[in-house]
Amino acid sequence: MGRMSGPYLIRGSVSLPEAELMWRFSRSSGPGGQHVNTSDSQVELRFDLARTEALPAVWKARALDRLAGRLVDGVLSVRASEHRSQWRNREAAAVRLAALLAEATAPPPKPRRATRIPRGINERRLREKKQRAETKRGRSGRDWG
């Protein structure tokens, strides 16, 4: 085929270390004719997040915390089998892993600063509420026929 389009950037200049990626190939499930019975097109990509040195310490701690539910012994695993070719599934798995790590290592959002609601807005809301209540009260008159 050709060379994979890596390196896969996580964020900034940090990318997935090719040497630390563990690939496993197996047969894909589902339809596909004779070809699918002989080719190992499903890809499982594993990355040892707990032991990696490629990520800054802060990012690594953040990722370990956020991805705790997905990790098995500190290893993050991604599977791809949507394409018929192994090469394209490898690409998909690597891109998915990079995106997962980018999201997990992102800094937490800035905390929201509480602000006061202007008095005018509150007064207008209450005035409109009273007006609406008055409209509804007018509908329940006994003299309606």
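**Exercise 1. Place Glu44 in this predicted model: which strand holds Glu44, and is Glu44 buried or exposed?**

Solution.
- Step 1: Find the strand. Glu44 belongs to strand S4, which covers residues 42-48.
- Step 2: Check the accessibility. Buried means under 20% relative accessible area, and Glu44 has 8%, so Glu44 counts as buried.
- Step 3: Look at the surroundings. Setting aside neighbours within four places in sequence, Glu44 is in contact with Met22, Trp23, Arg24, Ser77, Val78 and Arg79.
- Step 4: Pick out a polar partner. The side chains of Glu44 and Ser77 make a polar contact at 3.0 Å.

**Exercise 2. Follow the charges around Glu44: which residues form salt bridges with Glu44, and at what N to O distances?**

Solution.
- Step 1: Recall the idea. Side chains of opposite charge can pair when their charged atoms come close.
- Step 2: Begin with Arg46. Its side chain meets that of Glu44 in a salt bridge, at 3.9 Å from N to O. Arg46 is partly exposed, with a relative accessible area of 31%.
- Step 3: Turn to Arg79. The closest N and O atoms of Arg79 and Glu44 are 3.4 Å apart in their salt bridge. Because Arg79 lies in strand S5 and Glu44 in strand S4, this pair ties together parts that are 35 residues apart in sequence. Arg79 is partly exposed, at 48% relative accessible area.

**Exercise 3. Look at helix H4: which residue forms a salt bridge with Arg137, and how many residues apart are the two?**

Solution.
- Step 1: Name the partner. Arg137 pairs with Glu134, and their closest N and O atoms are 3.0 Å apart.
- Step 2: Count along the helix. Both residues lie in H4 (residues 119-139), 3 residues apart, which is about one turn of the helix.
- Step 3: Check Arg137. At 54% relative accessibility, Arg137 counts as exposed.
- Step 4: Widen the view. Salt bridges that share partners join Arg24, Glu44, Arg46 and Arg79 into one network. The structure holds 6 salt bridges.

**Exercise 4. Examine helix H3: what span does it reach, and what covers its buried residues?**

Solution.
- Step 1: Compare the span. H3 (residues 86-105) has 20 residues and reaches 28 Å from first to last C-alpha, close to the 28 Å expected at 1.5 Å a residue.
- Step 2: List some buried positions. Among them are Asn89, Glu91, Leu97, Leu101 and Thr105.
- Step 3: Find the cover. It includes strands S1 (9-11), S3 (21-26), S4 and S5 (75-80), along with helix H2 (57-66).
- Step 4: Finish with a ring. Arg90 lies over the face of Trp23, 4.4 Å from the ring centre.

Technical notes: Residues are numbered from 1 along each chain as its sequence is written. This is a predicted model: local features need pLDDT of at least 70, side-chain atom pairs count only at pLDDT 80 or more; totals for chains, interfaces and linings use all residues. Side-chain values use heavy atoms; hydrogens and water are left out. Helices (H or I, at least four residues) and strands (E, at least two) are DSSP runs, numbered from the N terminus. Buried means under 20% relative accessible area, exposed over 50%, partly exposed in between (1.4 Å probe, protein chains only). A polar contact is a pair of N or O atoms within 3.5 Å; within protein, one must be able to donate a hydrogen and the other to accept it, and residues adjacent in sequence count only if both atoms are side-chain atoms. Contact means heavy atoms within 4.5 Å. The expected span of a helix is 1.5 Å times one less than its number of residues. A charge sits over a ring if NZ of Lys or CZ of Arg is within 6 Å of the ring centre and within 35 degrees of the ring normal. A salt bridge is a side-chain nitrogen of Lys or Arg within 4 Å of a carboxyl oxygen of Asp or Glu.
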